[in-house]
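Hi there,

Here is the structure I promised to pass on. Have a look at it first, and my notes follow underneath.

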Amino acid sequence: NQFNGAYQQSASTLRFSQMASTRMACAAPFMELENQVLSMLAGVNMYRIEGDHLVLFKDEQVLARFDAVYLH
């Protein structure tokens, strides 16, 4: 599935809003994962870039960590 939405970013503040997804049918574990990701993004209010990593926070709690992948 695909998702999209809006975001606002200023200094270390980051907020996502108006999140939507295609909600196409897929196996239950993947639908649950999609719901968890969308819910997590709704709670984000800060971010930090640490080297090749993007870390998303709600206050001081780490919600997600993404690693950069370089394609050759």
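Starting from the outside, the chain exposes about 5600 Å², and carbon and sulfur atoms supply 56% of that area. Please keep in mind that this is a predicted model.

**Overall picture**

There are 5 strands and 1 helix in the chain, and from the N terminus on they come in the order β-β-α-β-β-β. Along the principal axes, the C-alpha atoms fill a box of roughly 35 × 35 × 20 Å. Of the 72 residues in the chain, 17% are buried. If you take the contacts with a separation of 6 or more, 25% of them are between residues 24 or more positions apart. As for charge, I get 5 positive and 7 negative side chains, with the centres of the two sets 6 Å apart.

**The core**

In soluble globular proteins, nonpolar side chains tend to be buried together. Here the largest nonpolar core is made of 6 residues, namely L14, M40, L41, V44, L56 and A64. L41 is a good one to click on: setting aside its neighbours within four places in sequence, L41 is in contact with F3, F16, M19 and L56. L56 is itself a member of that core.

**A polar residue that is buried**

N45 sits in the loop between α1 (28-43) and β3 (46-50). Is N45 buried or exposed? It counts as buried, because its relative accessibility is 13% and the cut-off for buried is under 20%. Beyond its neighbours within four places in sequence, N45 is in contact with S12, T13, L14, R15, F57, K58 and D59.

**Two loop residues with positive phi**

Most residues other than glycine have a negative phi. A11 is not a glycine, yet its phi is positive, at about 55°. You will find A11 in the loop between β1 (3-10) and β2, where A11 is exposed with a relative accessible area of 66%. D59, one of the residues in contact with N45, also has a positive phi, near 60°. D59 belongs to the loop between β4 (53-58) and β5 (61-67) and is partly exposed, with a relative accessible area of 46%.

**Side-chain polar contacts**

Which residues does the side chain of R65 pair with? One polar contact, of 3.3 Å, goes to the side chain of E50, and another of 3.3 Å joins R65 to the side chain of H53. R65 is in strand β5 and counts as partly exposed, at 47% relative accessibility. Leaving out neighbours within four places in sequence, the contacts of R65 are E50, H53, L54 and V55. R65 and L54 are 11 residues apart in sequence, with their C-alpha atoms 5.7 Å apart in space.

The other place to zoom in is S21, in strand β2 (residues 13-21). The S21 side chain makes a polar contact of 2.9 Å with the side chain of E34. Again leaving aside neighbours within four places in sequence, S21 is in contact with Q2, F3, E34 and L38. F3 turns up in the contacts of L41 too.

That's my tour, and it's over to you now.

Cheers

Definitions and conventions: Residues numbered from 1 in each chain as written. Predicted model: local features only at pLDDT ≥ 70, side-chain atom pairs only at ≥ 80, totals over all residues. Heavy atoms only, no water. Core = buried A, V, L, I, M, F, W, Y, C linked by side-chain atoms within 4.5 Å. Buried < 20%, exposed > 50% of the residue type's maximum accessible area, 1.4 Å probe, protein only. Contact = heavy atoms within 4.5 Å. Helix = DSSP H or I, 4+ residues; strand = E, 2+ residues; numbered from the N terminus. Areas by Shrake-Rupley, 256 points an atom, 1.4 Å probe, with all protein chains shown as cover. Lys, Arg positive; Asp, Glu negative; His and termini not counted. Charge placed at Lys NZ, Arg CZ, Asp CG, Glu CD. Polar contact = N/O pair within 3.5 Å; in protein donor to acceptor, adjacent residues only side chain to side chain.
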